[in-house]
Amino acid sequence: MATVAYGPNLTRTHAEITSDVVATLSAPSKGYLAALFGAVGLFLIGLITFIILLKDGLGHAGYNPPIMWSVYITNFVFWVGIGHAGTLISAILYLFRSPWRTAVYRATEAMTVFAVMTAGLFPIIHIGRQWVFYWLLPYPNARYIWPNFKSPLMWDVFAVGTYLTVSTCFLVFGLIPDVAAVRDRATGWRRALYAQVAMGWTGSDNQWRHFSRAYLYLAALLTPLVLSVHSVVSWDFAMSLVPAWHGTIFAPYFVGGAIYSGLGMVMTLLIPLRKVLKVEHLINDYHFDNLAKLTLLTGCIMFYSYSMEYFVAWYSGNTFEQTTFFRRAFGPYWWAGWTMIICNALMSQLLWFKKIRTNLTSLFVISIFINIGMWFERFVIIVSSLSNEFIPWAWDGLNPTWADWGILLGSFGWFFMYFLLFARTFPIVAIQEIKEMIPMPRLRSGGGHH
Amino acid sequence: MGLPLPRRREVPGVLASFEHIDAACDAIRALRKEGRRNLTVYTSHPSHEVEAAVGHTWSPIRLFTLIGGLTGCTAGFAMTLWMSRDWPLVVGGKSVNTVVPYVAIAFELTVLIAGLLTFFGMALLTFPRAVRKVGFDPRFTDDRIGIFVPAQAGETDRLGAFFRDAGAVEVRNA
Amino acid sequence: MRKLAFVAGGGLIVLAAALMAWGGTSRAQQASGPAEPDSIAATRLAASDTANLLGPRQPIFFRHDLHAGQYKLQCQYCHYSVNVSNEPGIPSMQTCMGCHLVVGGTDKGNAAEIGKLRDAWNKQQPVEWVRVHFLAQHVHFPHSLHIKALGPNACATCHGDVARMPQIHKVNNINNMGFCISCHIERKVTRDCSACHY
Amino acid sequence: MSDDGINPTVDRRRFLTVLGVAGAGASALSGCSTQAEKLIPYLVQSEDQVPGVATYYASTCTECSAGCGLHVKTREGRAIKLEGNPEHPVNRGKLCARGQASLQGLYNPGRVKAPMVRDGGSWKEVKWDDAIARLVAAIQKGGAPLAVLSGATRGTFSGLLADFTATAGGSVTRWEPLDHVPMREANKLSFGRDELPAYDFASAKYILSFGADFLDTWHSPTENQIGYAQSHGFHGDAARHVHVAARRDLTGLNADEWLAAAPGTEAAIALAMANVVASRRGGAGSYAGLLSQWTPEAASKASGVPAEAIRRVALEFAAQAPTLAVAGGIGSQHRGAVELCQAVNVLNAVAGNIGQTVRFGADLSTGDGLAGVQKLLGAMSAGQVGILLVHEANPVYALPASMKFADALKKVPFKVSTATYMDETAAQCDLLLPNLHSLERWDDANPRAGVWGLMQPVMEPVFPVRHTGDVLLDATRKLGGAYSKFSAPDYKTHLRTAWNARTASDAEWRAALARGGLYEAAPEAPVLTASDASFSAATPAFDGDGEFVFVAYPHAFLHDGRGANRPWLLENPDPVTKATWSPWIELSAATAKRLDIRRGEVVRIVSPHGEISGPAFPYAGLHDGVIAAPLGSGHTEYGQFAKDRGFNPLDLLGAPAAGSTFLPYASTRVRLEKTYSYQEVATTEGTPRQLGRGIAEAIPLVYARKGMTVRQALHAEGHDEHEVNTELEVKAILGWRERQVEGRKLGNYAEVHPSWGMTVDLSKCTGCSACVTACYAENNIPTVGEDQVLRGREMSWMRIERYWEGGEGEEPLEARFVPMLCQQCEDAPCEPVCPVFAAYHTVDGLNGQVYNRCVGTRYCSNNCSYKVRYFNWYKYNLKAWPEPLDLQLNPDVTVRARGVMEKCTFCVQRIRGAQHNARLEGRELRDGEFTTACAQACPSDAIIFGNRRDPESKVAQSSEDPRAYRVLEELNTRPAITYLAKVLNQVEA
């Protein structure tokens, strides 16, 4: 039953699993190094772009008033969104005791942390005076003035900050027993290093007792947090007066989208990674099938949300809303508008077919489309809505520049840099949780426990 | 029973390692019948079977989480309300103190502090300050179950014999 | 173990409370008035023994402690526009010469300094005083209103006891918004941002 | 960070180094500085300068020949703002954009900074004595006599100049490029009066303009606009205005009806109308013969304007009295311009307006016209000019290249220029004796009979240059002999003596200075009858055989090109096309459609005399047979802002026939060629249609007379109103508000404060954009340049939105102008979204913006329904004011650094200033004691500012007007600005 619970074709002993995972940490392959250098390169591009922005001002980026937010905020929402799938899988599915999460959750959780780290950069990059961003924090200062907690941006500060902290705790937490396992297999300085990280984990009965409770509570805390964070992000828009932003549907719409985009990214990351790290047998069709099903579900949520947006715009009879949505489909940004609908609402429908769900190539292609689609969703929501607000005289279009793309590339570099380093340094597959799924040998045959 | 705080002094005792979980559990039960309470049982993964055998009660972690949550919630509301009264500024024609928007802040702080305290409590309760060389074997984090019994020089032989009968694949005095 | 858990939790509550209290306490510190100005009797004091005085050295060793302290000149006599304008006004050279055509200085030290002034006047060269107090350009401080509200001798509130300073130096950090605000809170006057920032 | 809120170079209290360099002495220096960290005291305290307190001097504007009165605001010895002089009979306290931008002339980086002599190819600075000596030497050398070409300003100086020149055996040619010679010619022919009359727009009940852009570039624009607002603006009733011309200029857009007449046919229409008027009112009198040739049908055949339209308008015109018809604009200055003006004289005569609304005797200052210049040209090319002195004129630029002035100039052995700026003519001279700017010098002007405006130096010269008057007097002393009759030691004395006649005693003189001059009552206007001199109203000839007639018209702000070196004027969008910085080429919408030409497509316009190329601008307000382009661009000199920008339409014009008295600006036919390249026109226009959003509301006159609201009028017309809140919504909102209002009463908000508000009357607003420049000047708004405008990043806190109505099919095109500035909403969407309280609500009802607190999230701008917040994308503060332009900055307003949001706050610095004064004097603020810069400048008095809490205030009362509405009312932002709907004076069916 254990095998069934874990999924087909995995008949490995505890010892084998340990060695499999520890093997992923052995000397890196050429491909891996190439990828890492690529990531660092991209990151440098972003860094240089940012320095220029810091020197001259945001003018270099493609802002055309009234479009005061554009690619940077798009990236922010995009990356925050990515984060959500990780926590969904590691925390929410943990509460649901869903068996297939065990193999993939470590990777997705790492993705979460790094995605949120990336997202966290953008509010700073996009503000006009980056060097005073800390004024958004409620710290006692000589001016005796506090921030404005009525501003959705303040909620953001707290939401994203909390999310980053707690999900990092959660990641480190689950990591400890595995790091201990690695420690006991490693030698020399690496052993010393892992020993530090493992904080002296031995796996004694007491440790496991507190560990499993704490893990449960953290998961329970993270579950509402996941839902809240992207709701708060969506309120950045929904709390405003801008036509097509000012909608009650936004919170669920954004959370759905976030998880959808996250799942897309998970697949994009895992499909190559499992090959590079040679853990195909640990992360296999069974998991991707389930991932794909989840993607399909959220994809349908997207489909529904899009149609609702248009329906509400039409039904409200509000001329501003109607104009905005008409222009979203047929205005200057029609291409972006349709990209988002095709990539998100339509592509995901392919996942109804088991053949496509279980064929990794097709999954990979679809996941790429999802990433693109979700980036454009945010782009459309932000840019095309801002480009035509209440006063026609002020309407204008955006033309992005090198500064926008530079920062976008940089953010991908920054994200992959961390993810790749993590994948090489720490067990990307949760050893102890997989072991938990595979029963230990018994003296008296039969007498199955549980 | 006291907290399993890190033991600096070396404790003499017997360390047995098992391959079979049922054997290990039987051994634990037997020892506890003898009235030995301060066993240490090592497993590479959380196991209900072992826990049942060791007969653990509840973990105080939940208190940390609860207190953290309450603190966070209070702090969240107190901070926002007090700060907006401290220098009243009207925005958007709204009243200076409006609870609704502050719920977001309070909620986030609740989760934040609860989460941190849980982690902190976990660390406090679980981790000894240094890895104990004695009474531990690297294979316990791999595929073996280990049982350590503190014992005086006199009783080590008897315990060793007991473990071998119980099906331990390896027994040594530590 | 319960005990321990409670201790830990309680500690955090205290911490949170402390954070909120901090604002108040730091304000109290800010509010505690100007530091005691160094008091040098307005007596003989040659330019040579002024090395240890605070504040920048001026082209002419003009002594507020003599003019405002010993001779009890009204501040407004020289800072002529202080009660009609935002700007206090720097006395014109003519104003100085008004007295110093006749007043030549009681001792050598003073005479020397007054000599500098007379030279400058003869050359029609304005003396370039080193500025001690100035505000950032995004702050607007109407001197006249503050004089009207606090009386003609209110200068000391911000500039310190100038009447006892041989050489002007900054007593209060007037560039720190807290310095203004603490006073505005005490006296319950406006804290509207656009009163000063526009 | 260096530019964190504080600006390193452009500090508002900056020590005036330039003045220092100018040797102006410390007496002009302020008593405070931060950047230099030095306190520079006055040597001698000037009585009228108190640091931190503004001092106002009266002066006279010299930007055009209208001669408006100025009040110059100075702080710490430097002029920082120009406002109209309320006592002045011409502009009555108002000032146009060009007049206000005179400041940027004063502080212009393109000024000639010292006397210079040509030294081979390059310029060499010399001492003044040396420079004057050279002039004297040249005069003493004898040979061909001295000739002077000067501007047309009339006053004591022109007297001195003429006198001096005469003594030197030469003669002065007074010349203004855009003068009104055709009008004078016509008046001479019609009435035997060679002068420009004054026009009384205020009392006219019906206005006909035949190509005369009287609101913008014709005659005395500010004066005309003041009158026009009184008659055409709604005051219980409104005068109707019909524009007859090939192009709809700003005046045409304000007209209630436009008759698109082919160029050159306006005269026919005028006569046809006169014909109808005469037959209706009788009294064709001596013109019966002339008029009989011109029936509406005949005129219609010539002009393409439907006969019934002509007849209808004529009948409406005849039905009213007094009425007014004007003609003679540059846009209609074709070879038949004189006849056109004669025809209009006849029209006015038969309508009985002569002496009523057309007031002769005013004798507006004019020059010698083209005739004089032709004569001079002849003399020059014949080598009969030994020395040419050019004063306040730039013929090399302002005359068509085909007139070959530059070549003639080469034939003059010694060329002297007194140019204040290095312009095209100065660049070709041998000696530069730079004159002072009119704000730096003693002078006077006599723009019309009975009006003597005085100028006095309001500050030390920015550069060490000298008054040409003083230069001449110096020269006379050096020359001696016949010149010794010029006894005055300096020009000031000369002026004072000249004024003895008017102001004998010093007291009178000082009084005159304080009032800015002497204003006698306008002379009684004689009632004249036009001679029956018959003339031909036939369409004049045009050179070439191109498809289109080319019309060059004066740019609204650059005028004849003299404004092209001032960023304020370059960036202020043209009121009609809303294009900034670079010129454009207009073709009618139909033509554009036919030739498939889109806006920004570069087209080449070829005439027999030359060609220009620039971006096309399809414009529905243009006759299909016409291509038009603004004058004023295409300088080859004239400073960094003007040089090499765009094209000069004069290149298309041919040399006028010998003996022609004026330059016909519409005299060639042209061919249009595509170049298949593209150059975006930097307009500030987004979408020029309202999409039924009720931003610029309008109400037909008939309903306005009945005192209906816009909504009632819409119902009466059977339209349904645009979306508003339902009963239920309103109740919910009000309930919510009550709770909020209670919750707001904390801290300073608990006390009672004023609540500042504004009303804007759209029936008065003509879109002239004087308010925009006033706002730039008052609030240190940076000009960002063409590339940034193309990205929509212009910073104009106040913008004039120009929406089109109709225009499709038979529906006539209507323009609606809406001044759009921060609405200071009570429930402002921008405020709550700011995380750091940089945007917040002040206790007195403003949307405060604390620049130094702003971190630049730009959320406020996203959430602003009116899009009136502006962001500093770059360090504009360092780029916008190259020295010495930065000396103009208003010390009371923070110069915003990069990365912060900025916006209109109802000139909060003026509010605070007034409140401070009131408190010093221990009294309450009085209504109208101060006002915002825009309201202060508006020639139409369309803007009223005040305290809404005070029921007595003008703003409170005017917002009770039935025409009152608020923009985007349904959003419940509760704006503090009330608009009064425009009044449509439609044809009454």
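Two residues are in contact when heavy atoms of theirs lie within 4.5 Å. Keep that in mind as you explore this predicted model, which scores ipTM 0.88 and pTM 0.90.

**Stop 1: all of chain A**

Select chain A and start with its contacts. Taking those between residues at least 6 apart in sequence, 81% join residues at least 24 apart. Colour the chain by secondary structure next: you should find 16 helices and 0 strands.

Now turn the chain around to see its outline. Along the principal axes, its C-alpha atoms fill a box of roughly 85 × 55 × 40 Å. The radius of gyration of chain A is 23 Å, which agrees with the value near 22 Å for a compact globule of 450 residues. Of those 450 residues, 65% count as buried. Switch on the surface, too: chain A exposes about 15100 Å², and carbon and sulfur atoms supply 75% of that area.

**Stop 2: A:Leu164**

Zoom in on helix H6 of chain A, residues 152–185, and pick out A:Leu164. Is this residue buried or exposed, or something in between? A:Leu164 has 27% relative accessibility, so it counts as partly exposed, given that the partly exposed class lies between 20% and 50%.

Which residues does A:Leu164 touch, leaving aside those up to four places away in sequence? Show A:Val113, A:Val116 and A:Met117 to see them. For a distance to try in your viewer, draw a line from the C-alpha atom of A:Leu164 to that of A:Ile89: the two are separated by 16 Å, and lie 75 residues apart along the chain.

**Stop 3: a nonpolar patch**

Next, select A:Phe303, A:Phe326, A:Phe330, A:Trp334, A:Trp335, A:Trp338, A:Ile342 and A:Leu346. On the surface these residues form a nonpolar patch, with about 850 Å² of accessible area together. Two elements of chain A give two or more residues each: helix H11 (319–330) and helix H12 (334–346). H12(A) gives the most, with 5 residues.

One patch member to click on is A:Ile342, found in helix H12 of chain A. Its relative accessibility is 41%, and therefore A:Ile342 counts as partly exposed.

**Stop 4: chain D, coloured by confidence**

Finally, move to chain D and colour by pLDDT. The chain averages 89, and 95% of the residues score at least 70. Where are the extremes among its elements? Helix H1 of chain D (residues 17–21) has the lowest mean pLDDT, 29, while strand S37 of chain D (residues 977–980) has the highest, 96. Select residues 1–36 of chain D as well: the pLDDT is below 50 over this stretch, which has 108 contacts in the model beyond near neighbours in sequence.

Methods:
Residues are numbered from 1 along each chain as its sequence is written. Chains are lettered from A and ligands numbered from 1 in the order in which they are written. This is a predicted model: local features need pLDDT of at least 70, side-chain atom pairs count only at pLDDT 80 or more; totals for chains, interfaces and linings use all residues. Side-chain values use heavy atoms; hydrogens and water are left out. Patches are made of residues with over 30% relative accessible area and no salt bridge: like charges are joined within 9 Å, nonpolar side chains (Val, Leu, Ile, Met, Phe, Trp, Tyr) within 5 Å. Accessible areas come from the Shrake-Rupley method with a 1.4 Å probe; for residues, only the protein chains shown count as cover. A salt bridge is a side-chain nitrogen of Lys or Arg within 4 Å of a carboxyl oxygen of Asp or Glu. Helices (H or I, at least four residues) and strands (E, at least two) are DSSP runs, numbered from the N terminus. Buried means under 20% relative accessible area, exposed over 50%, partly exposed in between (1.4 Å probe, protein chains only). pLDDT is the predictor's confidence in each residue, from 0 to 100. The radius of gyration is taken over C-alpha atoms; the globule rule is 2.2 Å times the number of residues to the power 0.38.
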